[in-house]
Amino acid sequence: MSDTDTSVLFEPFTCKSMTLRNRIVMAPMTRSFAHGGLPAEPHVDYYRRRAEGGVGLILSEGTVIDRPGARNDPGVPFFHGAALDRWAKVIDAVHAASGAMGPQLWHAASAISKTAAWDRDTPVESPSGLHAPGEPHGEAMTEEDIADSVAGFARAAADAKRLGFETIEVHGAHGYLVDQFFWDGTNARTDRYGGATLRERARYAGEVIAAIRIAVGPDYPIILRVSQWKQQDLKARLAHTPAAMADWLVPLVEAGVDILHCSQRRFWEPEFPEIDGEGGLNFAGWAKTLTGAATMSVGSVGLSGDFISVFRNQVSAPTDLDALVRRMERGEFDLIAVGRALITDPAWANKVRAGDISAMLPFDAAALGAFV
Ligand SMILES: Cc1cc2nc3c(=O)[nH]c(=O)nc-3n(C[C@H](O)[C@H](O)[C@H](O)COP(=O)(O)O)c2cc1C
């Protein structure tokens with residue numbers, strides 16, 4: 001048993017029409033088991049088990065919008081067409097287990113999958129035909145392509161609401177389409193979607209959020225996931241100062257984002273240590289301070305190693321939650337997302353609540369081979 005009082009993690013949270021039973025969120029994690037883009041019975045059971053295991057909000061694996069080039073892996077599910085009836089079964093099962101859920105809406109653009117070898121038969125599109133700075137891959141999107149992708153995000157969000165999902169998350173992080181617009185290394189456009197400042201390069205994301213807001217109405221919560229790091233460059237940074245971060249994120253909150261999901265590899269790392277020191281605010285802490293929006297943090301919760309362990313076949317051991325609890329008690333951020341710990345252990349949240357740290361499981365990359 002642990003001495004840590006984790007009750008702050010189990011306070012309810014309300015944002016607009018969504019009320020969560022606690023602050024623990026399952027992080028979106030691609031699992032690549034959706035043959036033909038369709039989630040099936042194993043998906044229903046997989047997400048149901050996390051709801052039964054006490055997770056407050058489940059974010060689905062990345063699911064792609066209705067654009068031909070949106071996937072970079074043949075096992076990624078669609079969030080359109082025939083897949084929607086399958087997703088209806090998932091959300092019904094999650095509700096039956098008292099859970100709440102939102103699909104992560106994604107367009108992978110020119111990002112190359114590290115895990116899926118695929119002879120793709122769909123076009124590759126991105127803001128400027130680049131995969132990374134100086135690395136061409138695929139075609140630059142026309143204004144028509146851009147408008148169609150914005151409409152695709154909005155339709156997917158409207159479908160999520162219609163099916164009963166409590167929220168949606170737009171994947172604006174990790175070097176995929178939305179983030180490729182943010183990043184000057186992949187956005188060399190000279191039209192209104194490009195520019196020297198983050199505010200200018202955030203125009204595309206702002207249009208996506210505004211279109212979703214119109215599609216879902218004023219009372220439906222919208223989450224946007226953002227990151228400094230990219231899968232193409234783990235050391236990349238979009239905002240080097242709080243002023244630049246405000247220039248990036250404030251317009252997006254004004255466009256309609258309710259919750260900023262601030263992706264870090266390790267939640268305890270200070271975002272601007274030169275300002276508030278080694279114990280300073282993390283990304284979600286600064287985003288909350290600068291925008292006033294609710295924020296969600298993430299990164300190595302309950303585990304000794306970060307998610308790069310997946311690609312190195314390393315095992316991460318369970319750790320205590322003291323540092324997380326201290327930050328949440330200070331109100332640094334509102335929600336905490338948990339990734340790998342929930343892949344190996346669907347009952348992780350209930351074990352935390354019971355203080356049953358000794359029952360926590362290590363994360364082993366081999367666990368990705370099947371749904372547990
Ligand atoms: C197998 C795997 C798949 C992932 N897929 C996605 C994804 O589809 N969308 C996304 O935003 N992040 C994805 N991530 C990142 C996670 O959401 C999370 O930010 C990361 O694993 C750090 O959290 P953790 O240390 O608790 O695992 C993935 C991570 C893993 C391990």
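H174 sits in the loop that runs between β10 (168-171) and α4 (177-182). In this predicted model, the phi angle of H174 is near 65°, a positive value in a residue other than glycine. That is worth a pause, because most residues other than glycine have a negative phi. Is H174 buried or exposed? Its relative accessibility is 11%, so H174 counts as buried, the cut-off being under 20%.

A second loop makes a good companion to this one. N313 is found between α10 (309-312) and β14 (315-316), and although N313 is not a glycine, its phi is positive, at about 55°. Here the surroundings can be read from the accessibility: N313 reaches 64%, and because exposed means over 50%, N313 counts as exposed. So the loop residue H174 is buried, while the loop residue N313 is exposed.

Let us turn from loops to helices. A284 belongs to helix α9, which covers residues 283-291. With a relative accessible area of 0%, A284 is buried. If you look for a partner from elsewhere in the chain, try F333: A284 and F333 are 49 residues apart along the chain, yet their C-alpha atoms are separated by 5.9 Å.

Further along, K351 has its place in helix α13, made of residues 348-353. Why does this lysine count as buried? The relative accessible area of K351 is 17%, and buried means under 20%, so K351 falls on the buried side of the cut-off. What does the side chain of K351 contact? It is joined to the side chain of D345 by a polar contact of 2.8 Å.

Now for the ligand, which may interest you most. The space that the ligand takes up is the largest pocket. How many residues surround the ligand? There are 18, and the closest are P28, T30, R225, S300 and R340. Sorted by class, this shell holds eight nonpolar, eight polar and two charged residues.

Three distances to ligand oxygen atoms are useful when you inspect the site. From T30, a polar side-chain atom lies 2.6 Å from an oxygen atom of the ligand. With S300 the backbone is involved instead: one of its backbone N or O atoms lies 2.7 Å from a ligand oxygen atom. G62 also offers a backbone N or O atom, at 3.4 Å from an oxygen atom of the ligand. As for how much of the ligand is covered, taken alone it exposes 600 Å², and the protein buries 91% of that.

Conventions. Residues are numbered from 1 along each chain as its sequence is written. This is a predicted model: local features need pLDDT of at least 70, side-chain atom pairs count only at pLDDT 80 or more; totals for chains, interfaces and linings use all residues. Side-chain values use heavy atoms; hydrogens and water are left out. A residue is near a molecule or strand if one of its heavy atoms lies within 4 Å of it. A polar contact is a pair of N or O atoms within 3.5 Å; within protein, one must be able to donate a hydrogen and the other to accept it, and residues adjacent in sequence count only if both atoms are side-chain atoms. Accessible areas come from the Shrake-Rupley method with a 1.4 Å probe; for residues, only the protein chains shown count as cover. On a 1 Å grid over the protein atoms alone, a cavity is a set of points where a 1.4 Å probe fits but cannot get out, and a pocket is an open set with protein on both sides within 12 Å along at least five of seven lines; lining residues have an atom within 4 Å of a point. A molecule sits in a cavity or pocket if more than half of its atoms lie within 2 Å of its grid points. Ala, Val, Leu, Ile, Met, Phe, Trp, Tyr, Cys and Pro count as nonpolar, Asp, Glu, Lys and Arg as charged, and the others, Gly among them, as polar. Helices (H or I, at least four residues) and strands (E, at least two) are DSSP runs, numbered from the N terminus. Buried means under 20% relative accessible area, exposed over 50%, partly exposed in between (1.4 Å probe, protein chains only).
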